[in-house]
Amino acid sequence: MLEDAWAAFREDPNTFSYGDLMRFVPKAERVAWHAKAMDTAERADLESLVELWLETREVERLVRRLRTATDPEIEELSHFRTEPAARRLAKSHPDVAAKVSRALGTRILKAKKSKYYETALSHFENAKRRYERSDLNREWAALVAEVRQAHHRKAGFMAGFERLAAGQSPSDAPSFLDRARHRWSARTEP
């Protein structure tokens, strides 16, 4: 059974095949098998690796792989994989978390999903904070220029993005409900 689980993991390294493999590994050999499995997984696709390495706490491997990944490669990944990675890396590796947050926002814009523009702004706000924390202000400026050039026609998005680029936080803006309550209370006061 161990040989079958190992063959399945080598063919498709992911959290499920890793769990199956480790079920058959004797307790005394788990550390060695874990190292062997992680070395083998290095050749897998990035989408499988993000989840696997987060699950197995192989953060340094994940950081190395994400640092060398291209922006389009990260943009192709599901937000179900990349959002947890960005949150996990935000404190220990803010530069990599900024790169992932940037990709999350860009992915929404490229898909032209206008109902998710607020989410894209949130991702860009996280990217800005993380770039600033890493003293990567030049990367933030390059991202601002790229978004302005490529997405200037998305008026519903660009207004909020320009506020963010100017230093105002979209998350500081009152919500629709808060604005409505304020207007309602102003009408009812004598």
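Aspartate 71 is partly exposed, with a relative accessible area of 28%; on this scale buried means under 20% relative accessible area, exposed over 50%, and partly exposed in between, using a 1.4 Å probe and protein chains only. Its partner is arginine 102, and the two form a salt bridge with the closest N and O atoms 3.7 Å apart. By salt bridge I mean a side-chain nitrogen of Lys or Arg within 4 Å of a carboxyl oxygen of Asp or Glu. This pair links distant parts of the chain: arginine 102 sits in helix α8 (residues 94–110) and aspartate 71 in helix α6 (residues 71–75), 31 residues apart. Helices here are DSSP runs (H or I, at least four residues), as strands are (E, at least two), numbered from the N terminus. Unlike its partly exposed partner, arginine 102 counts as buried, at 5% relative accessibility.

A quick word on what we're looking at. This is a predicted model, where local features need pLDDT of at least 70 and side-chain atom pairs count only at pLDDT 80 or more, while totals for chains, interfaces and linings use all residues. Residues are numbered from 1 along each chain as its sequence is written, and side-chain values use heavy atoms, leaving out hydrogens and water.

Back to our pair. Which residues share a network of salt bridges with Asp71 and Arg102? They are Glu75, Lys110 and Glu146. In the whole structure there are 14 salt bridges. Side chains of opposite charge can pair when their charged atoms come close.

Let me show you two others. Arginine 81 and glutamate 51 meet through their side chains in a salt bridge, at 3.5 Å from N to O. Here too, distant parts of the chain are linked: arginine 81 belongs to helix α7 (residues 79–89) and glutamate 51 to helix α4 (residues 46–55), 30 residues apart. Both ends are partly exposed, arginine 81 at 26% relative accessible area and glutamate 51 at 29%. Then there's glutamate 58 with arginine 61, whose closest N and O atoms are 3.0 Å apart. Is that glutamate 58 buried or exposed? Buried, at 17% relative accessibility, and arginine 61 is buried as well, at 15%.

Now for helix α4 itself. Its buried residues include Leu46, Leu49, Leu52 and Trp53, together with Ser48 and Val50. What do the buried residues of α4 pack against? The answer is α1 (2–11), α2 (15–24), α3 (30–41), α5 (59–68), α6 and α7, where contact means heavy atoms within 4.5 Å. Just after α4, arginine 57 takes a positive phi of about 60°.

Next, α5 against α8. Their axes come within 10 Å and cross at roughly 55°, which makes α5 oblique to α8. The axes are lines fitted to C-alpha atoms, for helices over the stretch in contact, with angles from 0 to 180 degrees between N-to-C directions; under 35 degrees is roughly parallel, over 145 roughly antiparallel, 65 to 115 roughly perpendicular, and the rest oblique. Val63, Leu66, Arg67 and Thr68 in α5 meet Asp95, Val96, Lys99 and Val100 in α8. By class, that contact has four nonpolar, one polar and three charged residues. Nonpolar covers Ala, Val, Leu, Ile, Met, Phe, Trp, Tyr, Cys and Pro; charged covers Asp, Glu, Lys and Arg; the others, Gly among them, are polar.

One last stop: alanine 186, in helix α12 (residues 176–188). From C-alpha to C-alpha, alanine 186 is 54 Å from threonine 56, with their positions 130 residues apart in sequence.
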